[in-house]
Amino acid sequence: MSKKILILPGDGIGPEIVAEAVNVINCLREESGLEVELDEALVGGAAYDAAGHPLPEATLELAREADAILLGAVGGAKWESLDIAVRPEKGLLGLRSELNLFANLRPAILYPQLADASTLKPEVVSGLNLMIVRELTGGIYFGQPRGIRKLESGEKEGYNTLIYKESEIDRILRVAFDIARKRESRVCSVDKANVLECTELWREVAIRTGKEYPDIELSHMYVDNAAMQLVKAPKQFDVMVTTNMFGDILSDAAAMLTGSIGMLPSASLDKHGKGMYEPIHGSAPDIAGQGVANPLATILSVAMMLRYSLDEPAMADRIEQAVDQVLDQGLRTADIISDGMQQVGTEAMGNAVVAALKS
Ligand code: IPM
Ligand code: MG
C-alpha cells in the first residue's frame with residue numbers, strides 16, 4: 001500500500017528547498033517504483049498569515065494521518081513581535097509534541113569534498129561522523145510551570161521548568177544505544193549532573209538502562225565540557241545523547257564543524273518509527289526567494305525518511321550517493337563555495353541531484 005508523505009514547506013527558504021526535495025521524491029516514484037502519495041499543508045508563519053495559527057487543525061490532522069512528514073523551515077523577522085503562543089516556532093514545537101516525536105537524530109558528517117568549508121583545521125574534522133540524539137518532546141522546552149509573572153515588588157520574573165520522568169530518559173537512551181549498535185557502539189550521555197538534579201536523574205537512568213546494552217561503551221560528560229570537546233576533538237564521539245535544550249545547542253555547534261549547516265538533515269521519530277524530516281538549518285529569511293539556498297540538507301532529509309520511516313534503505317543510499325556525486329562534480333551553492341568550484345543556485349543543485357539519480 002502506498003505510504004503518505006505530508007509536505008510542509010513553511011517559511012523563508014522553506015518552499016524553495018522543499019521543491020527540490022519533492023523533485024527527488026518524484027524522480028524515485030517515476031524511475032524506481034517508490035509508492036508514495038504526497039499532500040501539502042501550511043505551517044509556521046505562512047500558516048499564521050493564512051489561518052491565524054502556526055499549526056492549524058487541518059495541518060495537524062494531515063500530519064497525524066501521514067506516515068512521514070517533510071518540513072522545510074519556519075520563522076522569520078516578520079513574525080517575531082507576535083505573542084509566543086502563535087509564533088511560527090510553535091508550529092514546529094506543536095508537531096513534535098502532538099505527534100510524540102521524542103527522538104531527534106542529528107547526524108554531523110563531514111563530506112571530504114567540503115573539508116575546506118569548515119572553520120576548523122582539516123585534521124580536526126576530516127572523517128567526522130557523529131550522531132547527536134536529542135530528546136525532543138520534554139525537558140525545559142515543555143516543562144510546566146512556565147511563564148513571566150509580576151512579583152509583589154513590581155519586578156517581573158521569568159521562569160521555566162527542567163523536568164524529565166525516568167521513562168522519558170530511558171526511551172531516548174534506548175534510541176541512542178540502538179543507533180550506536182549500527183555504528184561504533186559508543187554512547188556519550190551529556191548532562192549537567194553536578195548542578196541540576198533533573199540531569200542527576202538522567203545520568204542514573206542512563207547507567208541503569210546502559211546495563212541492558214553491555215556491548216555499548218557508555219560514557220558521561222557535563223555539557224560545558226561536551227561543548228569544548230566538540231570543537232577541540234570532535235572525532236572522539238560516536239553517538240551523543242542529551243536533553244532537549246542541550247541537544248539544541250550542541251547540534252548547532254556540531255553542524256558547523258562540517259562547514260555548512262546547509263548540508264545536514266535530521267529526523268524526529270516517534271516510538272513506531274513515524275517521523276518528521278527537516279534540514280537542521282533555519283528559514284534564512286535574508287536569502288529567501290533568491291534561489292540561492294542549499295537544498296542538499298532537505299534532499300538528504302528525504303534519504304533519512306526513506307531509511308527510517310519508509311523502509312527503503314537502498315533508495316536512501318542512492319540519494320546519498322547522488323549528493324556525493326554532485327559534490328564530486330564541483331557543484332556548490334553559495335554557502336559551501338570554495339576556489340575552483342562551480343557556483344550554482346537552488347534549482348540547478350536540485351536538478352543535478354535528480355540527474356545523478358537517473359544516471
Ligand atoms: C531546532 C530549532 C528549534 C528548536 C526552534 C526553531 C524552535 O532551533 O530545531 O534546533 O529550538 O528546537
Ligand atoms: Mg536549534
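Helix H10 is mostly covered in this predicted model. Of its 13 residues, 11 are buried. The helix runs over residues 296–308. From first C-alpha to last, H10 reaches 18 Å, close to the 18 Å expected at 1.5 Å a residue. Its buried residues include Leu 296, Ile 299, Leu 300, Val 302 and Leu 306. Polar side chains are also covered: Thr 298 and Ser 301 are buried in H10.

Val 323 touches three of the buried H10 residues by name: Leu 296, Ile 299 and Leu 300. Tyr 111, Met 263 and Val 353 are also in contact with Val 323, residues up to four places away in sequence being left aside.

The largest nonpolar core has 91 residues. Val 323 is among those with the most contacts inside this core, as are Leu 105, Val 133, Met 263, Leu 306 and Ile 319. The core lies between domain 1 (1–110 + 259–359) and domain 2 (129–257), because both domains give residues to it. Another core lies apart from the largest one. This second core has 16 residues, among them Ala 41, Leu 95, Leu 99 and Met 276. In soluble globular proteins, nonpolar side chains tend to be buried together.

Ligand 1 is surrounded by Glu 89, Leu 92, Arg 96, Arg 106, Arg 134, Tyr 141 and Asp 248. Polar side-chain atoms approach ligand oxygens at three of these residues. For Tyr 141, an N or O atom of the side chain is 2.5 Å from an oxygen atom of ligand 1. The corresponding distance is 2.7 Å for Arg 96 and 2.9 Å for Asp 248.

Technical notes:
Residues numbered from 1 in each chain as written. Chains lettered and ligands numbered in written order. Predicted model: local features only at pLDDT ≥ 70, side-chain atom pairs only at ≥ 80, totals over all residues. Heavy atoms only, no water. Core = buried A, V, L, I, M, F, W, Y, C linked by side-chain atoms within 4.5 Å. Buried < 20%, exposed > 50% of the residue type's maximum accessible area, 1.4 Å probe, protein only. Domains from an automatic or database assignment. Contact = heavy atoms within 4.5 Å. Helix = DSSP H or I, 4+ residues; strand = E, 2+ residues; numbered from the N terminus. Expected span 1.5 Å × (residues − 1). Near = heavy atom within 4 Å. Polar contact = N/O pair within 3.5 Å; in protein donor to acceptor, adjacent residues only side chain to side chain.
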